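Biologist: Please pick one part of this model and take me through it slowly, explaining each term as it comes up.

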Amino acid sequence: MAYTDLRDFIRALERERELERISCEVDPVLEITGFADRSVKRGGPALLFEKPKGSRIPVLINAFASMRRMEIALEVGSIAEVAARISGFLEMRRPEGLIGKLKLLPKLAEIGSFFPRMVSDGPCKDIVRHDGFSLFEYPVLHCWPLDAGRFITLPLVFSKNPDTGKRNCGMYRMQVYDERSTGMHWQTHKQGAEHFRRMAAAGARTRMDVAVAIGADPVTMFSAVLPLPPDLDEMLFAGFLRGAAVEMVKCETSDLEVPAEAEIVLEGYVDLGELRIEGPFGDHTGYYSLEDEYPVFHVTCVTQRKKPVYAATIVGPPPMEDYFMGKAIERIFLPLMRLQLPEIRDVSMPAEGVFHNLMLVSMRKSYPGHARKVMHALWGMGQAMFSKCIVVVDEDVDVQDVREVAWRALNNIDPERDIEFSLGPVDSLDHASRLANYGSKMGIDATRKWPGEGFTRPWPEVIRMSPDVMYRVDQLWKKAGLK
Ligand SMILES: Cc1cc2nc3c(=O)[nH]c(=O)nc-3n(C[C@H](O)[C@H](O)[C@H](O)COP(=O)(O)O)c2cc1C
Ligand SMILES: [Mn+2]
């Protein structure tokens, strides 16, 4: 059964002994970060701060910060189950004969149940305030010493594509400027920014409606991070992942919809002509992202539950909570990647690469230049475009083992020949690129080289002991009294 809301998930985490309640007073200014960072580095549990200093609303953090908690969030024993379910849908074929058609019916009915469902009311409307509210009532974190202030770090930001009317939900941090306004840190490649640009270019309106939900059932929250194609509704994908429709309710002040079971909803608008300095902010990279100009979100109405829980995360030197979300995405999106590039065996993004800096790819090589084709295809595929360094290895290399990749790749390359540079868009968080959002990427073809690629020397085998000797040594090992 899908979790109905955040508190349902909190109960599940407690049942599984994956959550610790902190009953003493802890300050959302820096101290909660200190707890969360230390806890994730030690493989510790999710934390529920019952008495954040200066607020009566508890703070949940690190709820996704381990593979086990990602599994609990997605209600699976292993993330591979989610990938297998996706593969099952992708492999759905045209049914043969009546029996085949009948067999397909449950699957089709299942698909029908994933679509978000409009409801007329929900717990997120327990309290509705058009006036007399302040964002400082909420225990918004000041994460790191040099941050520009307090930032809402787990917001589900809803907007609509003005051309197609399609909904988008992205997770973009929000710096609290004052009681009723925040920054809106949608980076230029993201869908919120695209909606903003289109609406500004159309010139018909001066404001763009935006609604922000903080805290919801875990899958709906997770869906805001997914690198889905533009115009593919995150709420539909969340419905698929949780196996039950996300219930949506109309906003009070705009025709946007938000999850009815959300803990807190901020309704408002972004002025199409207004930019303001946002940041610095201690970011995913482990560095502070520098200050830059971003749109401003003006809150016009707050709706919430009677006793909401405030959901937060911190990012910083890896591994942090975002690493586990990213790892789950890597697993879940592999079948979708392989739909386009079936030659890919596996993909890995090690924590130290903070997603965009390093992608390790194993592939079945079939023709000269194939590894380079895969690199370029990845640089052309959604948010994989940000991959600063792509290392391609043959299919017998386990890319989940970084040491194996280093060993094999470093042996296999003639650097001048096998490293390729390309120019293009880079992640907004990259502080080293020559320009913001634009710079170079590096592809390393660490596959075995073929004569068809101009390599005519013999290529040696990897050293491996023969299985019969291994078997004999197993026996002899015991006989020799070794452990
Ligand atoms: C904790 C966390 C914070 C994030 N903060 C931002 C952010 O401030 N700005 C941004 O553009 N992307 C941010 N992201 C990444 C986006 O949520 C992600 O790229 C998402 O796929 C964007 O959705 P979209 O394609 O619908 O725009 C964050 C991700 C996580 C996990
Ligand atoms: Mn999207």
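Modeller: A backbone N or O atom of Val225 lies 2.9 Å from an oxygen atom of ligand 1, which is a polar contact (a pair of N or O atoms within 3.5 Å). This is a predicted model, in which local features need pLDDT of at least 70 and side-chain atom pairs pLDDT 80 or more, while totals for chains, interfaces and linings use all residues. Residues are numbered from 1 along each chain as written, chains are lettered from A and ligands numbered from 1 in written order, and side-chain values use heavy atoms, without hydrogens or water.

Gln191 also offers a backbone N or O atom, 2.8 Å from an oxygen atom of ligand 1, whereas Gln383 uses an N or O atom of its side chain, again 2.8 Å from a ligand oxygen. The protein covers 93% of the 640 Å² of accessible area that ligand 1 has on its own (Shrake-Rupley method, 1.4 Å probe).

Around ligand 1 there are 20 residues, with Met171, Tyr172, His185, Gln191 and Gln383 the closest, where surrounding means having a heavy atom within 4 Å. Strand β8, residues 167-170, gives the most to this shell, namely three residues (strands are DSSP runs of E, at least two residues; helices are runs of H or I, at least four).

Strand β8 also holds Asn168, and the manganese ion, ligand 2, is coordinated at 2.1 Å by Asn168 (OD1) and Glu234 (OE) (donors are N, O and S atoms within 2.8 Å of the metal, or 3.2 Å for Na, K and Ca). Glu234 belongs to helix α8, residues 234-242, so the pair, 66 residues apart, links distant parts of the chain. Asn168 and Glu234 are both buried (under 20% relative accessible area, 1.4 Å probe, protein chains only).

How values were computed
A polar contact is a pair of N or O atoms within 3.5 Å; within protein, one must be able to donate a hydrogen and the other to accept it, and residues adjacent in sequence count only if both atoms are side-chain atoms. Buried means under 20% relative accessible area, exposed over 50%, partly exposed in between (1.4 Å probe, protein chains only).
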